[in-house]
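Here is a short tour of how some helices in this structure pack together. Have the sequence and the model at hand while reading.

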Amino acid sequence: MEIKILSPLWGHEHLELKTFLDKIRTARYDGIDTWIPDNLDDKRVLFDYLQQHEMYMVSHQHSAEGSTFKKLKQSFIKNLYQCAEPGPLLINSHTGRDYFSLRQNLELVDAAQEFSEKTGITIAHETHRGRLGYSPQMINTIFELRNDFNITADFSHWVCVTESMLENFATIVDEAIKRSRHVHARVGFEQGPQVADPRAPEWKYALDKFLGWWDKIVAINKQVNTKVLPVTTEFGPVPYMPAIPFTGKPVVDQFTINNFMKDLLNDRYSLK
């Protein structure tokens with residue numbers, strides 16, 4: 001099994017796309033985790049660059065919308081097909097809503113599975129606040145009802161939502177690990193989805209907890225013969241990143257933190 005470390009575009013939208021792609025290639029990322037650009041020129045730049053430099057992509061479905069559930073479902077399916085254009089490693093999906101009924105969320109899960117069967121592209125449903133996987137309890141019901149339901153493990157949201165390091169959800173976390181086909185390598189804590197700086201000693205307990213979960217995900221994917229496990233270093237910009245009061249300046253540089261995570265994971269899993 002190969003592990004590919006990806007960089008998010010999130011937080012760098014102010015840069016010209018090629019400038020950012022050059023930046024992450026120089027930093028020795030394997031690829032990018034991002035949405036499909038609306039601008040046709042940017043889309044061409046992105047797809048051509050990835051092909052030319054043999055870099056990888058996880059495409060990001062996060063913008064399904066609609067004034068009714070029917071319209072949102074149509075938008076969701078349309079977005080999945082747009083995400084499939086570059087032939088991504090998989091599609092990371094912000095699926096459903098935390099206020100949808102179980103039936104509605106399952107309808108979206110089933111639509112995604114039908115898409116996967118038609119295209120051969122895996123959908124990994126992100127464990128994200130506000131979506132169908134916003135909490136361990138919510139997603140466990142879907143685990144029980146859908147054997148082929150796979151996730152992007154972003155447990156930073158769960159520790160925030162449950163105000164815990166998931167001590168009381170060990171069985172659900174174990175099942176989530178078995179179903180994880182993509183990792184968002186951001187470290188959260190009991191009161192938020194992102195620690196200020198994972199290098200700081202006061203956050204070692206949280207970093208160690210997340211590393212333990214990721215180790216298990218790597219081991220499981222080796223066992224099930226996953227060909228490529230994408231891992232995105234997803235520390236985000238302000239307001240995910242704490243800011244200095246009255247200035248709005250981030251307490252630490254986002255790209256520096258993500259590079260730290262990239263190097264830590266490369267060393268941990270002997271990738272480079």
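Right after helix 6 comes Glu 163, and its phi is positive, near 50 degrees. The model is predicted.

Helix 6 itself deserves a look. Of its 8 residues, 7 are buried, so helix 6 is largely enclosed by the rest of the structure. The buried ones are Phe 155, Ser 156, His 157, Trp 158, Val 159, Cys 160 and Thr 162. What covers them? The cover includes strand 5 (123-126), helix 5, strand 6, helix 7 and helix 8 (204-223).

Helix 5 is one of those neighbours. This helix spans residues 136-145. Its buried residues are Pro 136, Met 138, Ile 139, Ile 142 and Phe 143. They lie on the same side of helix 5, because they cover an arc of only 160 degrees around the axis. There is a general reason for such patterns. An α-helix has 3.6 residues a turn, so residues three or four places apart point the same way. The buried residues of helix 5 pack against helix 4 (102-119), strand 6 (151-153), helix 6 (155-162) and helix 7 (170-178).

Next come two helix pairs. The table sets out their geometry.

| Helix pair | Angle between axes | Axis separation |
|---|---|---|
| Helix 4 and helix 5 | about 60 degrees | 11 Å apart |
| Helix 1 and helix 2 | roughly 25 degrees | within 10 Å |

Take helix 4 and helix 5. Their axes pack at an angle of about 60 degrees, and the two helices are therefore oblique to each other. The crossing is right-handed. Which residues of helix 4 and helix 5 meet? From helix 4 come Leu 102, Asn 105 and Leu 106, and from helix 5 come Met 138, Thr 141, Ile 142 and Leu 145. By class, this contact has 5 nonpolar and 2 polar residues, with no charged ones. Met 138 and Ile 142 appear in this contact, and both are also buried residues of helix 5.

Now take helix 1 (residues 17-26) and helix 2 (residues 40-52). Their axes cross at roughly 25 degrees. That makes helix 1 roughly parallel to helix 2. This crossing is right-handed. Helix 1 contributes Leu 17, Lys 18, Leu 21, Asp 22 and Arg 25 to the contact, while helix 2 contributes Asp 42, Val 45, Leu 46 and Tyr 49. By class, the contact has 5 nonpolar and 4 charged residues, and no polar ones.

Helix 2 also holds Lys 43. Is Lys 43 buried or exposed? Its relative accessibility is 16%, so Lys 43 counts as buried; the cut-off for buried is under 20%. Lys 43 is in contact with Ile 36, Pro 37 and Glu 85, leaving aside its neighbours within four places in sequence.

One loop residue rounds off the tour. Gly 96 lies in the loop between strand 4 (90-93) and helix 4. Gly 96 is buried, with a relative accessible area of 2%. Not counting residues up to four places away in sequence, Gly 96 touches Asn 105, Leu 108, Gly 130, Arg 131 and Leu 132. Asn 105 also belongs to the contact of helix 4 with helix 5. The C-alpha atoms of Gly 96 and Ala 64 are separated by 8.7 Å, and the two residues are 32 residues apart along the chain.

Technical notes. Residues numbered from 1 in each chain as written. Predicted model: local features only at pLDDT ≥ 70, side-chain atom pairs only at ≥ 80, totals over all residues. Heavy atoms only, no water. Buried < 20%, exposed > 50% of the residue type's maximum accessible area, 1.4 Å probe, protein only. Helix = DSSP H or I, 4+ residues; strand = E, 2+ residues; numbered from the N terminus. Arc of directions from axis to C-beta. Contact = heavy atoms within 4.5 Å. Axes fitted to C-alpha atoms, helices over the stretch in contact; angles between N-to-C directions. Parallel < 35°, antiparallel > 145°, perpendicular 65-115°, else oblique. Left-handed = near helix turned anticlockwise from the far one by under 90°. Nonpolar A, V, L, I, M, F, W, Y, C, P; charged D, E, K, R; others polar.
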